Amino acid sequence: MLKGYSKFLDVLEKIEKFLLALAVAAMLLVMAYQVVLRYVFSAANTWSEELARYLFIFEVMIAAAIAVRRNSHLQIDVLINCLKPRMKCVFTIASTLVGIVFLLFLLVYSVGLVRTGGSNISVGLQVPMSVPYAAVPAGVVLMILTSVEVVLKNVDALRKGAEGE
């Protein structure tokens, strides 16, 4: 089961990386357009800065899911590195489960924000604010999916460690 789930997340991660590459390229083009328009032609528009900001928000939320899967978030791991492998797995499982509970709360409240944001329209792009707000629940769902894999892998490592003893 874990192998199948990991393969699913591998495919999902490839899609995420592709979307990140597109979003970064689009953001760079929009920002370059904005700089040229502002400093060369002494003109400005309202949509380019807003689009770059919204693309960046989506990028952060997608990349956060990849970081959860790779355990790449900033952390102080001096204490964790001092633990034996078995206790390290237990600590990782516990902390990841706490993180999942937090993410579930965040998911509930962010979905509410998306629902209420539909009535507000952004100034520059003239899109409902529910569009940029949707980055949070999308990223949270991706982080929950990857957090479940982290828990399953550590439970599997604990099980294999118990069998090896």
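**Salt bridges and an internal cavity**

Nine salt bridges are found when the whole structure, a predicted model, is searched. Side chains of opposite charge can pair when their charged atoms come close. Several of the pairs involve residues that also appear in the description of the cavity below.

Glu 13 takes part in a salt bridge with Arg 69, with a distance of 2.7 Å from N to O. Because Glu 13 belongs to helix H1 (residues 2-39) and Arg 69 to helix H2 (residues 47-70), this pair ties together parts that are 56 residues apart in sequence. Glu 13 has a relative accessible area of 5% and is therefore buried, the cut-off for this class being under 20%. Arg 69 likewise counts as buried, at 16% relative accessibility.

The side chain of Glu 13 also meets that of Arg 70 in a salt bridge, here at 2.2 Å from N to O. This second pair again links distant parts of the chain, since Glu 13 is in helix H1 and Arg 70 in helix H2, 57 residues apart. Arg 70 has a relative accessibility of 47% and so counts as partly exposed, a class that lies between the 20% and 50% limits.

A further salt bridge is formed by Glu 149 and Lys 153, whose closest N and O atoms are 3.4 Å apart. Both residues lie within helix H6 (residues 135-164), at a separation of four residues, or about one turn of the helix. Glu 149 is buried, with a relative accessible area of 1%, whereas Lys 153 is partly exposed, with a value of 42%. Through salt bridges that share partners, Glu 149 and Lys 153 are joined with Asp 10, Glu 13, Lys 17, Arg 69 and Arg 70 into one network.

The interior was also examined for enclosed space. The count comes to one cavity of 30 Å³ or more, and the volume of the largest cavity is about 30 Å³. Its lining consists of Leu 9, Leu 12, Glu 13, Glu 16, Arg 69 and Thr 146. Helix H1 provides the largest share of this lining, with four residues. By residue class, the lining divides into two nonpolar, one polar and three charged residues. Glu 13 and Arg 69, which are among the residues lining the cavity, are also the two partners of the salt bridge at 2.7 Å, and both belong to the network described above.

How values were computed: Residues numbered from 1 in each chain as written. Predicted model: local features only at pLDDT ≥ 70, side-chain atom pairs only at ≥ 80, totals over all residues. Heavy atoms only, no water. Salt bridge = Lys/Arg side-chain N within 4 Å of Asp/Glu carboxyl O. Helix = DSSP H or I, 4+ residues; strand = E, 2+ residues; numbered from the N terminus. Buried < 20%, exposed > 50% of the residue type's maximum accessible area, 1.4 Å probe, protein only. 1 Å grid on protein atoms, 1.4 Å probe; cavity = no way out; pocket = protein on both sides within 12 Å on 5 of 7 lines; lining within 4 Å. Points joined across faces, edges and corners; volume = space filled by probe spheres on them. Nonpolar A, V, L, I, M, F, W, Y, C, P; charged D, E, K, R; others polar.
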